[in-house]
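Grab a pencil and work through these exercises with the model open beside you. Try each task before you read its solution.

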Amino acid sequence: MMDLNTSLSELSLEALWELFPILLTEHKSCWGDWYEEEQQRIRRILHKYDLRIHHIGSTAVEHLWAKPIVDILMELSEYSSITDIKEQLVKGGYLCMSEKENRVSLNRGYTDTGFAERVFHVHVRFEGDNDELYFRDFLRSHPSVAKEYEALKISLWKKYEHNRDAYTNAKSEFIRKYTELAKAEYGNRYKR
């Protein structure tokens, strides 16, 4: 067994993409339960922080094919330390996969042999950096757009099975378009 904290970070992107390919599957009703359990786990780890936690991504949209990875958006208050929160989550068993100014992405459920049964991506951001909520809600409210998105993802799946960046980039224009339409439709829905 390799030490995941050091070993995964030492692998090339190509090696990571081989070990963790793009997989799509029909929607599973258990994903909502997995989200609930994981957000409670996060709240126990970060009990002293003021934060909002949301289920985002395709696993949050019923009847939509998705990668079996539950995406979670954590919005922090402006007074929170993103570095401290990252450190607490790493101590709690998450792997820090990327850091940018005001954004941290962590994962849980990656093993030295591939994905575990339950896989989570936690996106840590400051309050208001939440475009994913608008896109999720638009897909939930507009089933025909959700089906278009599903068809796009399925068309890209095998082409980019071992290139997560290209898969994500190929969806960007679609996501951007409908996020902007959602913001126009919903206004300031997620402001405190």
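**Exercise 1: A strand and its two sides**

Task: Sort the residues of E2 by the way they point, and say whether they are buried or exposed.

Solution. Start with the directions: Val 70, Ile 72, Met 74 and Leu 76 point one way from E2, while Asp 71, Leu 73 and Glu 75 point the other way, and all of them are buried. Here buried means under 20% relative accessible area, exposed means over 50%, and partly exposed is in between (1.4 Å probe, protein chains only). The pattern fits a general rule: in a regular strand, side chains alternate between the two faces of the sheet. Now put the strand together: seven of the seven residues of E2 (residues 70-76) are buried, so the strand is largely enclosed by the rest of the structure. Strands (E, at least two residues) and helices (H or I, at least four) are DSSP runs, numbered from the N terminus.

Before you go on, note that this is a predicted model, where local features need pLDDT of at least 70 and side-chain atom pairs count only at pLDDT 80 or more, while totals for chains, interfaces and linings use all residues. Residues are numbered from 1 along each chain as its sequence is written, and side-chain values use heavy atoms, with hydrogens and water left out.

**Exercise 2: The strand's neighbours**

Task: How many bridges join E2 to E1, and how many join E2 to E5?

Solution. Two strands pair if DSSP finds at least two bridges between them. Take E1 (residues 51-56): six bridges join it to E2, and the two run antiparallel. Next comes E5 (residues 114-126), which runs parallel to E2 and is joined to it by seven bridges. Finally, look at Met 74: it is the bridge partner of Ile 53, and it also stands opposite Val 124 in E5.

**Exercise 3: A charged residue inside**

Task: What does the side chain of Glu 75 make a polar contact with?

Solution. First, place it: Glu 75 lies in strand E2, and at 0% relative accessibility it counts as buried. Second, find the partner: its side chain makes a polar contact with the side chain of Asn 130, at 3.0 Å. (A polar contact is a pair of N or O atoms within 3.5 Å; within protein, one must be able to donate a hydrogen and the other to accept it, and residues adjacent in sequence count only if both atoms are side-chain atoms.) Third, compare with Lys 86 in helix H4 (residues 82-91). Lys 86 counts as buried at 15% relative accessibility, and a polar contact of 3.2 Å joins its side chain to that of Glu 99.

**Exercise 4: Rings in pairs**

Task: Which kind of aromatic pair do Phe 135 and Tyr 149 form?

Solution. Rings of Phe, Tyr and Trp (its six-membered ring) pair if their centres lie within 6.5 Å; planes under 30 degrees apart count as stacked, over 60 as edge-to-face and the rest as tilted. By this rule the count comes to 10 aromatic pairs. Phe 135 and Tyr 149 are 5.1 Å apart, centre to centre, with 85° between the planes, and that pair is edge-to-face. Phe 135 sits in helix H5 (residues 131-141) and Tyr 149 in helix H6 (residues 143-157), so the pair ties together parts that are 14 residues apart in sequence. Then try Phe 138 and Tyr 178: at 5.6 Å and 35°, their pair is tilted. To finish, step back: ring pairs link Phe 135, Phe 138, Tyr 149, Phe 174 and Tyr 178 into a cluster.
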